[in-house]
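The paragraphs below lead through a protein model one region at a time, from a hairpin and its neighbouring loops to two helices and a group of aromatic rings. Please keep the structure open while reading.

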Amino acid sequence: MAVLIELNDDRSETIQYDSPDYPIYIRRGILSRYPNYAAPSHWHDDIELIAILDGEMDYNVNGEIIKLRKGEGIFVNSQQLHFGFSDSRTECEFICVILHPMLLCAAPTFEQNFVLPVIRNTSVPFVFLAPNICWQQSILEQIYLMEQSKGLKTTPLRVQSSFSVIWSLLYENLPQENHTANAKSRDLTAVRDMVGFIQKNYARRISLQEIARAGAVGQSKCCKLFASYFGQTPNHYLNQYRLNKSLELLRDSDLSVTEIALTVGFNGASYYAEIFRKCFGKSPTEYRNRNAHDVGGR
């Protein structure tokens, strides 16, 4: 089944935790379940941990591409734009664990002394986890343990224990914050604001000037940021977002292709069908026939 990631208006992800009582999400997934072998770019306050079980994929964190292969993984810090993908459509099996830092905040001093220094460290948007580095291999082992504990009555306790071990390893081994990274932090804020604007307004005609204004930057800076973070122009990013929104309507609604094209912001069915085929290798109608009502969780 296809995977849909639910996003809020600010482009942050709405995490569908495994239990409403604990901010814990653990899944074993394959990349081919995502449209075009790519998850949408998103961010959240939670920590994300990925461990590759088989195959490989590229992982984009704030525009930096990291190649992840079998046995490797990545820690993605809070509030970073990120997504996994494969331009070559190579299959990848992986474990994804998403945990909210509040799990570590048993007392205010824990949050102040140990949690905030890591999640506010602008020098560490992510950590590549290599199996040949002892402390990073230890983190990978804890990811495997969390996935193995899923479904047990004591899962929340086991996950919290593993999360504490992971956090202590990060805290002990990460570099101190480099304040020269503040400029990158401002750029990231601008990018999040601009993609949030796109998400709120994709269904209508919007201009480059409006997108740039949403990030409080000039149009030239806007284009540079989209090239840096996503490797594409703002307009291409907008069209890709519209295409992804149209997938949901093709699967789950009875709207005609023309109605869907207009609903997601395209001027007409002809242009929509043209760029849909370029992106997905099939027409909207062909996609609908193969994927109608085929919806799954992340």
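The model shown here is predicted, and the walk through it can begin at Tyr272, which is buried, with a relative accessible area of 0%. Tyr272 belongs to one aromatic cluster together with Phe266, Tyr271, Phe276, Phe280 and Tyr287, and the later paragraphs return to that cluster after a look at the strands and at another helix.

Among the strands, β3 (residues 47-61) and β4 (residues 64-69) run antiparallel and are joined by 6 bridges. Within this pairing, Asn60 is placed opposite Ile65 of β4. The hairpin that the two strands make has 2 residues between them, and in it Asn62 adopts a positive phi near 55°. Most residues other than glycine have a negative phi. Asn62 is not a glycine, yet its phi is positive, at about 55°. Although Asn62 lies in the loop between β3 and β4, it counts as buried, since its relative accessibility is 16% and the limit for that class is under 20%.

A second residue with this kind of backbone angle is Gln79, which is not a glycine either and has a positive phi of about 65°. Gln79 is located in the loop between β5 and β6 (82-85), and with a relative accessibility of 32% it counts as partly exposed.

Strand β5 (73-76) also serves as a packing partner of helix α1, whose buried residues pack against that strand and against α3 (155-173). Helix α1 covers residues 108-119, and its 12 residues reach 15 Å from the first C-alpha to the last, close to the 16 Å expected at 1.5 Å a residue. Its buried residues are Val115, Leu116 and Val118. Viewed down the axis of α1, these buried residues fall within an arc of 145°, and they therefore line one face of the helix.

Helix α9 (residues 269-280) can be read in the same manner. Its end C-alpha atoms are 16 Å apart, which agrees with the 16 Å that its 12 residues should span at 1.5 Å a residue. Buried in α9 are Tyr272, Ile275, Phe276, Cys279 and Phe280. Down the axis of α9 the buried residues fall within an arc of 115°, so that they line one face of the helix. An α-helix has 3.6 residues a turn, so residues three or four places apart point the same way. The face of α9 turned away from the buried side carries the exposed residues Ser270 and Lys278, whereas the buried residues pack against α7 (234-252), α8 (257-263) and α10 (284-291). After α9 comes Gly281, which has a positive phi, near 75°.

What is in contact with Val264, leaving aside its neighbours within four places in sequence? Val264 is situated in the loop between α8 and α9, and at 1% relative accessibility it counts as buried. Beyond those sequence neighbours, it contacts Tyr202, Ala203, Arg242, Lys245, Ser246 and Leu249. The C-alpha atoms of Val264 and Tyr241 are 9.0 Å apart, while 23 residues separate the two in sequence.

Arg242, one of the contacts of Val264, also lies over the face of Phe266, at 5.9 Å from the ring centre. Elsewhere, the charged end of Arg192 sits over the ring of Trp43, 4.6 Å from its centre.

With Phe266 the path comes back to the aromatic cluster, in which Phe266 is joined by Tyr271, Tyr272, Phe276, Phe280 and Tyr287. When rings are paired by having their centres within 6.5 Å, the count comes to 16 aromatic pairs. One of them links Phe266 to Tyr271: the ring centres are 6.0 Å apart and the planes meet at 70°, so the pair is edge-to-face. Phe266 counts as buried at 4% relative accessibility, whereas Tyr271 is partly exposed, with a relative accessible area of 38%. The rings of Phe266 and Tyr272 have centres 5.4 Å apart and planes at 35°, so this pair is tilted. Unlike Tyr271, which is partly exposed, Tyr272 is buried, and it is listed among the buried residues of α9.

Technical notes. Residues numbered from 1 in each chain as written. Predicted model: local features only at pLDDT ≥ 70, side-chain atom pairs only at ≥ 80, totals over all residues. Heavy atoms only, no water. Phe/Tyr/Trp six-rings, centres within 6.5 Å; stacked < 30°, edge-to-face > 60°. Buried < 20%, exposed > 50% of the residue type's maximum accessible area, 1.4 Å probe, protein only. Lys NZ or Arg CZ within 6 Å of the ring centre and 35° of its normal. Helix = DSSP H or I, 4+ residues; strand = E, 2+ residues; numbered from the N terminus. Expected span 1.5 Å × (residues − 1). Arc of directions from axis to C-beta. Contact = heavy atoms within 4.5 Å. Pairing = 2+ DSSP bridges.
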